[in-house]
Amino acid sequence: MMAIFHDMIEKTMKVFMDDFSVIENSFGTCLSHLDKMLKRCEDTNLCLNWEKSHFMVKEGIVLGHKISKNGIEVDKAKVDVIVKLPHSTTIKGIRSFLDHAGFYRQFIQKISKIAWPMTRVLEKDTPFFFSKECIEAFQTLKKELTKAPILVAPDWDLPFELMCDASDFAIVCKIFDVWGINFMAPFPSSRGNKYILVAVYYLSKWVETKALPTNDARVVCKFLKSIFARFGTPRAIISDRGTHFYNDQFANVMLKYGVTHRLATAYHPQTSGEVKVSNRGLKRILERTVGENRASWSDKLDGALWAFRIAFKTPIGYTPYKLVYGKHVIYRSNSSTKPTGP
């Protein structure tokens, strides 16, 4: 997708994985850009899904959000489903609810503070009891979602005020020098590998991966040492509480390199948010490239990783490749192999 529309991306259209939008302020110009896009599809034999195509609209649902000239809003249909949920009586149910509410966390001020009674229930060795405070937190989160504000693009000509939020149980960590790390699993055995170890640099969204036969502390430490040798040591590594991260061997490596180890939030112990997003993207690409031959996933991992690195990331306004190497990818139409880097 990126190779097909490389000269149009961020000029006349936006692309995310296999979804794309043609945008412009005026009807005539938008029609002209649409014509060029459709001609490119015809020239490259790219087939579009007619049922999922929408033409000349002023608003629409994109990646779970309503996009219009007013700004970005929550998807009312998704919110309605969340609001109708009864409060959960199981650990799994609480995690599921907090995961859904967390999808729209940018619309809810002090969401960590509001959700604290529920997240505390999910802490290790804590007896399960959905108290009155938990019910109040549950109802407050649903109420906040129903009156969520519209997010608008900032005016870059105006000054900005940076506000930080910190408390005894809600901590905002600076993301400018932080890596998140997590395992993707389980996978069918592929050349003896069953796991994918994923690390994401929070600022550039650059992703590193490794196919592995095991998920123990030894392979994690070796993987991190390789990253440190290539990119330098970050201020912090964020992980879940899995034993492959939460152990003496891992702690000794962090101490040796002067890196702070931070644990992901209690209500979603599987991973930190950035790594979760990357995992979904990589898994989505792998599923489409592997097809029915699922045992070939380790052979396809490098290609999926490349596709992820050169995909435009809206939050940062660039591709991870551009931020790391300082230049855009050069596509060569007469080459059947992917570029390998600068």
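The following paragraphs lead the reader through a small sheet, a surface patch and a set of parallel strands.

The model is predicted, so that local features need pLDDT of at least 70 and side-chain atom pairs count only at pLDDT 80 or more, while totals for chains, interfaces and linings use all residues. Residues are numbered from 1 along each chain as its sequence is written, and side-chain values use heavy atoms, without hydrogens and water.

Strands of a sheet pair through backbone hydrogen bonds, either parallel or antiparallel. Here, three strands (DSSP runs of E, at least two residues, numbered from the N terminus) form an open sheet in the order β3-β4-β5, with antiparallel pairing; two strands pair if DSSP finds at least two bridges between them. The edge strands, β3 (59-62) and β5 (71-74), each pair on one side only. Four bridges join β3 to β4 (residues 65-68), and Gly60 stands opposite Ile67 in β4.

Parallel pairing appears around strand β9 (residues 236-239), which pairs with β6 (residues 178-184) over three bridges and with β10 (residues 260-263) over four bridges. Trp179 stands opposite Ile237 in β9, and the bridge partner of Ser239 in β10 is Leu263. In a regular strand the side chains alternate between the two faces of the sheet. Accordingly, Ala236 and Ile238 point one way from β9, and Ile237 and Ser239 the other way. All four are buried, a term for under 20% relative accessible area, with exposed being over 50% and partly exposed in between (1.4 Å probe, protein chains only).

By contrast, Phe27 is exposed, with a relative accessible area of 57%.
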